[in-house]
Amino acid sequence: MTDRILGLVAAACGGGETRFRAELAEPAAALGWRLAITATPTFGRWLDANGETERLQALTDLPVRHHSRLPTDPKPYPRPDAFVFAPASANSVAKLAMGIADSQALTHLNQALGSPGVPVAVGTLVSGESAAHPLWPTHLATLRAAEASVVDLLTVGRWTSLLDLIGNP
């Protein structure tokens with residue numbers, strides 16, 4: 001394992017609770033990334049209910065998180081060297097594009113966007129109805145303007161393609 005840390009961030013999207021570990025976390029760990037996994041609060045509850053939190057924890061020495069820390073708590077890990085946000089829901093993409101950091105997951109991503117030398121890949125998992133919202137193209141354009149790589153997971157299908165966008169550990 002390398003000392004290079006990959007921030008894996010995930011939001012609640014259909015199928016994410018069964019695909020996130022197998023199609024993203026395990027391949028990233030196999031590549032040698034040290035994983036810092038943070039889920040949105042809703043996705044964290046899904047992972048807990050499905051027994052996935054423990055399986056994800058087995059892949060990393062860093063805590064798997066979906067709750068914010070108290071101000072008196074130490075930071076659980078150093079700043080990641082790269083980020084992959086997948087699955088990314090329409091709600092979370094909109095918040096990220098607007099700079100809203102109302103969860104630990106979005107706080108990490110907002111701090112990373114536009115930071116020199118910190119690649120960010122976003123894999124959206126958004127239905128046609130949500131993608132039809134008039135601001136959806138603007139949200140994607142905002143993320144791309146911040147130099148995030150944005151991929152539609154429904155189109156590419158292969159979640160591991162996001163790992164290709166951030167480089168090797």
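1. Helices α4 and α7. In this predicted model, the axes of α4 and α7 cross at roughly 55° and come within 9 Å. That angle makes α4 oblique to α7, since an angle counts as roughly parallel only under 35 degrees and as roughly perpendicular only from 65 to 115. The crossing of these two helices is left-handed.

2. The α4 and α7 contact. On the α4 side, the residues that take part are A90, V93, A94, L96, A97 and M98. They meet W136, H139, L140, T142 and L143 of α7. How do the residues of this contact divide by class? Nine are nonpolar, two are polar and none is charged.

3. Helices α4 and α5. α4 also packs against α5, at an angle of about 45° and with the axes 10 Å apart. This makes α4 oblique to α5. The crossing of α4 and α5 is right-handed, whereas that of α4 and α7 is left-handed.

4. The α4 and α5 contact. S92, K95 and L96 of α4 make the contact with L106, L109 and N110 of α5. By class, the residues involved are three nonpolar, two polar and one charged. L96 is worth finding in the model, as it is listed in the contact with α5 and also in the contact with α7.

5. Helices α1 and α2. Helix α1 covers residues 16-31, and its axis comes within 9 Å of the axis of α2, with a crossing of roughly 80°. α1 is therefore roughly perpendicular to α2, because angles of 65 to 115 degrees are counted that way. From α1, the contact uses G16, E17, T18 and F20. From α2, it uses F43, W46, L47 and N50. Four residues of this contact are nonpolar, three are polar and one is charged.

6. The largest pocket. Its volume is about 240 Å³. The lining has 14 residues, and the closest to the pocket centre are K75, Y77, Q104, H108 and Q111. Which element gives the largest share of this lining? Helix α5, residues 104-112, does so with five residues. The lining is made up of six nonpolar, four polar and four charged residues.

7. The second largest pocket. This one holds about 150 Å³ of space. Its lining consists of A11, A12, T40, P41, T42, S89, N91, S92, K95, D102, S103 and L106. Two elements, α2 (41-50) and α4 (90-98), give two or more residues each. The largest share, three residues, comes from α4. Six of the lining residues are polar, four are nonpolar and two are charged.

8. Residues in both a pocket and a contact. S92, K95 and L106 line the second largest pocket. S92 and K95 of α4 and L106 of α5 are also part of the contact between those helices.

9. A cis peptide bond. The bond that joins A86 and P87 is cis, with omega at about -5°. P87 is in strand β3, which runs over residues 82-88.

10. A positive phi. What is the phi value of E147? It is near 70°, which is positive, and E147 is not a glycine. E147 is located in the loop between α7 (136-145) and β5 (149-152).

How values were computed. Residues numbered from 1 in each chain as written. Predicted model: local features only at pLDDT ≥ 70, side-chain atom pairs only at ≥ 80, totals over all residues. Heavy atoms only, no water. 1 Å grid on protein atoms, 1.4 Å probe; cavity = no way out; pocket = protein on both sides within 12 Å on 5 of 7 lines; lining within 4 Å. Points joined across faces, edges and corners; volume = space filled by probe spheres on them. Helix = DSSP H or I, 4+ residues; strand = E, 2+ residues; numbered from the N terminus. Nonpolar A, V, L, I, M, F, W, Y, C, P; charged D, E, K, R; others polar. Axes fitted to C-alpha atoms, helices over the stretch in contact; angles between N-to-C directions. Parallel < 35°, antiparallel > 145°, perpendicular 65-115°, else oblique. Left-handed = near helix turned anticlockwise from the far one by under 90°. Contact = heavy atoms within 4.5 Å.
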